[in-house]
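This report is a first guide for a reader new to the entry. Please look at the sequence and the structure before reading on.

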Amino acid sequence: MRKSGLIDNGSLITDNVSLRRFNTFGIEANARHFAEITRLEDLRALLTSPVYGPMDKLVLGGGSNLLFTRDFDGLVLKINLPGIQTVREDDAHAWVRAGAGVNWHDLVVHCLDHDYAGIENLSLIWGTVGAAPMQNIGAYGVEIKDVFEELEAVRISDGSLRPFGHADCRFGYRESVFKHDLKGQYIITSVTLRLDKQPVFHTSYGAIADTLREMGANLSIRAISEAVCRIRTSKLPDPHQIGNAGSFFKNPEMDEAAFDRLRSQHPTVPHYPAPAGQVKVPAGWLIEQCGWKGKRVGNAGVHAQQALVLVNYGEATGAEIQRLSERVQASVAGKFGIALQAEVNVV
Ligand code: EPU
């Protein structure tokens with residue numbers, strides 16, 4: 001690693017930085033230039049700088065939803081913008097704004113500590129606040145879109161700041177406008193959520209109710225958070241111990257007719273209702289049926305507790321993980337005629 005110096009706005013650019021500790025897959029990749037951003041004005045100055053402005057850019061949050069398959073020859077911006085504030089309150093709600101660099105689970109804990117309800121089901125999701133709306137993070141029956149108020153983002157082409165309301169973000173299942181029409185155009189710098197002072201509990205998904213019963217705890221947002229943490233830690237590998245990026249694929253959605261055809265051949269297929277009359281089928285089940293659960297190929301593997309998660313057993317390259325993902329996709333396509341889509345961003 002070599003320092004190439006301060007640019008005139010004071011942001012430090014470092015050349016040739018290993019990205020291994022900046023991605024939860026633990027994949028080795030080199031950043032030609034790298035900057036950690038802790039101040040909005042530094043980000044805006046960098047984007048308009050004659051040297052760094054024109055370079056290709058890669059924006060990193062917690063690095064928990066991406067797979068590096070190559071070195072990055074431009075400028076990597078690691079967004080560490082800090083801060084959590086309650087910006088408005090009434091009897092029913094509190095509006096909390098957090099900097100894009102805040103660790104998502106730290107924001108969950110902050111809300112629990114203040115008795116603000118709404119994101120307890122999203123406990124222990126890795127990654128940062130800024131990355132959360134990008135893919136509309138979701139778990140156990142709740143998505144960030146359910147509590148989202150607005151965000152601010154900086155336009156990469158000119159450093160201008162723009163607010164985005166709920167409708168502007170066009171949220172869908174693991175989707176937003178930032179993955180489609182505005183892909184690569186904006187960097188999210190802060191997010192504001194509208195949280196409930198009177199909690200509405202979401203306990204119907206999966207194992208939550210059973211886990212709460214086992215815990216013998218009174219129903220509260222803290223108890224739900226604890227239950228979700230227990231479920232997640234039992235199924236999802238800890239990236240500090242074994243590299244991974246959570247679900248590697250999205251759960252496929254299909255119309256009723258396609259689902260009926262699938263079920264006529266595979267009567268035990270689990271399924272859930274999805275928006276617009278679609279039916280969602282768990283990709284983890286499809287992958288498990290193909291015999292991949294717990295399988296290892298070289299340094300890459302399919303997690304033994306949750307087949308939707310691909311893992312790096314230590315020294316895997318991104319290309320190795322990607323090859324495994326393609327083999328899994330081919331099996332699922334061959335057995336079920338379903339094309340699994342990656343949920344993780346492949347760089
Ligand atoms: N299943 C299997 N085998 C497996 C895994 C799952 O048969 O190996 C079936 C079971 O029927 C199980 C069902 O799939 O009941 C659902 O499994 P789970 O509750 O673990 O959820 P998921 O659909 O596999 C999704 C999200 C997770 C989120 C959980 C809980 C996606 C792509 N993934 O997984 O999100 O935590 O629901 O809400 O929607 C992530 O996005 O990185 C992530 C971890």
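The sections below cover the overall fold, two groups of paired strands and the surroundings of the ligand.

## Overall form

The model described here is predicted. The protein contains 9 helices and 21 strands. Along its principal axes, its C-alpha trace spans about 65 × 55 × 35 Å.

How does the radius of gyration of the protein agree with that of a compact globule? For 347 residues, a compact globule would have a radius of gyration near 20 Å, and the value for the protein is 21 Å, which agrees.

## Strands β2, β3 and β6

Strand β3, residues 30-37, pairs with strand β2, residues 12-18, in the antiparallel sense, and 4 bridges join the two. Within this pair, Thr-14 stands opposite Phe-34 of β3.

β3 also pairs with strand β6, which covers residues 72-79; here the sense is parallel and there are 6 bridges. The bridge partner of Ile-37 in β6 is Ile-79.

Side chains in a regular strand alternate between the two faces of the sheet.

## An open sheet of 4 strands

Another group of strands forms an open sheet with the order β14-β20-β19-β18 and antiparallel pairing. Which strands stand at the edges of the sheet? They are β14 and β18 (296-297); each has a single partner strand, so one side of each is left without a neighbour in the sheet.

The partner of β14 is β20, residues 309-312, and the two pair in the antiparallel sense over 3 bridges. One residue pair shows where they meet: Gly-243 has Asn-312 in β20 as its bridge partner.

## The ligand and its shell

How many residues surround the ligand? There are 24, and the closest are Tyr-140, Tyr-173, Asn-251, Glu-288 and Ala-307. Sorted by class, the shell around the ligand has 12 nonpolar, 5 polar and 7 charged residues.

Oxygen atoms of the ligand have polar side-chain atoms beside them. The distance from such an atom of Arg-174 to a ligand oxygen is 2.8 Å. For Lys-293 the corresponding distance is 3.0 Å, and for Arg-232 the distance is 3.2 Å. Taken alone, the ligand exposes 820 Å², of which the protein buries 83%.

## Where the shell comes from

Three elements give two or more residues to the shell around the ligand: α6 (221-235), β14 (243-247) and α8 (283-289). Of the shell residues, α8 supplies the largest share, with 3 residues. β14, which gives residues to this shell, is also an edge strand of the open sheet.

In terms of domains, at least three residues of the shell are drawn from domain 2 (84-196), and at least three from domain 3 (243-346).

Methods: Residues numbered from 1 in each chain as written. Predicted model: local features only at pLDDT ≥ 70, side-chain atom pairs only at ≥ 80, totals over all residues. Heavy atoms only, no water. Near = heavy atom within 4 Å. Polar contact = N/O pair within 3.5 Å; in protein donor to acceptor, adjacent residues only side chain to side chain. Areas by Shrake-Rupley, 256 points an atom, 1.4 Å probe, with all protein chains shown as cover. Nonpolar A, V, L, I, M, F, W, Y, C, P; charged D, E, K, R; others polar. Domains from an automatic or database assignment. Pairing = 2+ DSSP bridges. Rg over C-alpha atoms; globule rule 2.2 N^0.38 Å.
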